[in-house]
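Biologist: Please walk me through one part of this model at close range. Stay with that part until its surroundings are clear, then tell me how it sits in the whole chain.

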Amino acid sequence: MLPRYNKPFLHFFLAMLFALSGATLHAQYYNFQHYSVAEGLPQSQVNCIYQDNDGFIWIGTESGVAQFDGKDFKVYDADNGLRFPAVKAIGETRNAMLFLNDSGIVGFSGGKFEHVLFTNTDKQFKGRCLTKL
């Protein structure tokens with residue numbers, strides 16, 4: 001049978017044991033950087049984010065898509081060839097980036113866009129997510 005110790009002594013003993021054991025607790029700290037239109041995003045409403053095989057981050061918004069290299073944003077929108085700029089999903093193939101919007105799929109390769117528009121019978125895909133290519 002274990003001897004009975006008074007509670008204050010037991011609490012003091014356990015506190016001292018822990019304090020003297022050298023055990024320290026370390027909280028994890030995460031560094032977050034917030035980006036907005038002021039830093040180069042085409043719009044503040046972000047629909048999707050994708051990291052390609054080269055490490056670039058692609059951010060789809062209602063006003064276009066931005067390519068982020070870790071420092072700067074390069075924006076692709078209606079002003080430089082993206083006819084329907086509301087990008088809902090992003091993916092990639094070996095040769096091109098793919099952007100899905102309500103009007104179709106847009107391929108982007110070599111700095112040029114190629115638009116594949118949905119027909120009226122294809123409208124069933126509107127609003128669904130593109131998850132695999």
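Modeller: Start at the turn where two residues link S2 to S3 in a hairpin. Keep in mind that this is a predicted model.

The two strands of this hairpin are antiparallel and are joined by five bridges. One pair to find on screen is glycine 60 with its partner in S3, valine 65.

Now look at S3 itself. Is it enclosed or open to the outside? All five of its five residues are buried, so S3 is largely enclosed by the rest of the structure. Buried here means under 20% relative accessible area. In a regular strand, side chains alternate between the two faces of the sheet. S3 can be read that way: Gly64, Ala66 and Phe68 point to one side, Val65 and Gln67 to the other, and every one of them is buried. So a glutamine, Gln67, is among the buried residues too.

Follow the chain out of S3. It goes into a second hairpin, with four residues between S3 and S4. Within this turn, glycine 70 has a positive phi near 100 degrees. S3 and S4 are antiparallel as well, with four bridges between them. Phenylalanine 68 of S3 has phenylalanine 73 as its bridge partner in S4.

Go back the other way, to S1. S1 and S2 also pair in the antiparallel sense, through five bridges. There, glutamine 51 is matched with isoleucine 57 of S2.

Put these pairs together and you have the sheet. It is open, has four strands, and its order is S1-S2-S3-S4 with antiparallel pairing. Strand S1 (46-51) and S4 form the edges, each with a partner on one side only. On average, neighbouring strands are turned by 20 degrees against each other, with direction ignored.

Return to the loop between S2 and S3, since something else happens there. The side chains of glutamate 62 and lysine 88 form a salt bridge, with N and O 2.7 Å apart. Why is that contact worth a look? Glutamate 62 sits in the loop between strand S2 (57-61) and strand S3 (64-68), while lysine 88 sits in the loop between strand S4 (73-76) and strand S5 (89-92), so the pair ties together parts that are 26 residues apart in sequence. The count of salt bridges in the model is one.

Are the two partners buried or exposed? Glutamate 62 is partly exposed, at 24% relative accessible area. Lysine 88 is partly exposed too, at 32%. Both values fall between the 20% cut-off for buried and the 50% cut-off for exposed.

Another residue to mark around this turn is serine 44. It belongs to the loop between helix H1 (7-20) and S1. Its C-alpha atom is 8.6 Å from that of glutamate 62, though the two are 18 residues apart along the chain. Serine 44 is exposed, with 63% relative accessibility.

Now step back to the whole chain. There are one helix and eight strands. The helix comes at the N-terminal end of the order, and the strands follow: α-β-β-β-β-β-β-β-β. Of its 133 residues, 25% count as buried.

The remaining strands build a second sheet. This one is also open and four-stranded, in the order S5-S6-S7-S8, again with antiparallel pairing. S5 and strand S8 (112-117) are its edges, each pairing on one side only. From one strand to the next, the twist averages 20 degrees. Within this sheet, strand S7 (residues 104-109) runs antiparallel to S8, with six bridges between them. Serine 109 faces lysine 112 of S8 in that pairing.

Last, the largest pocket. Its volume is about 180 Å³. Fifteen residues line it, and those closest to its centre are Asp52, Asp54, Glu92, Ala96 and Met97. By class, the lining splits into five nonpolar, six polar and four charged residues.

To recap the close-up: S3 has its five residues buried, S2 and S4 each pair with it in the antiparallel sense, and the S2–S3 loop carries glutamate 62, the salt-bridge partner of lysine 88.

Conventions: Residues numbered from 1 in each chain as written. Predicted model: local features only at pLDDT ≥ 70, side-chain atom pairs only at ≥ 80, totals over all residues. Heavy atoms only, no water. Salt bridge = Lys/Arg side-chain N within 4 Å of Asp/Glu carboxyl O. Buried < 20%, exposed > 50% of the residue type's maximum accessible area, 1.4 Å probe, protein only. 1 Å grid on protein atoms, 1.4 Å probe; cavity = no way out; pocket = protein on both sides within 12 Å on 5 of 7 lines; lining within 4 Å. Points joined across faces, edges and corners; volume = space filled by probe spheres on them. Nonpolar A, V, L, I, M, F, W, Y, C, P; charged D, E, K, R; others polar. Pairing = 2+ DSSP bridges. Axes fitted to C-alpha atoms, helices over the stretch in contact; angles between N-to-C directions.
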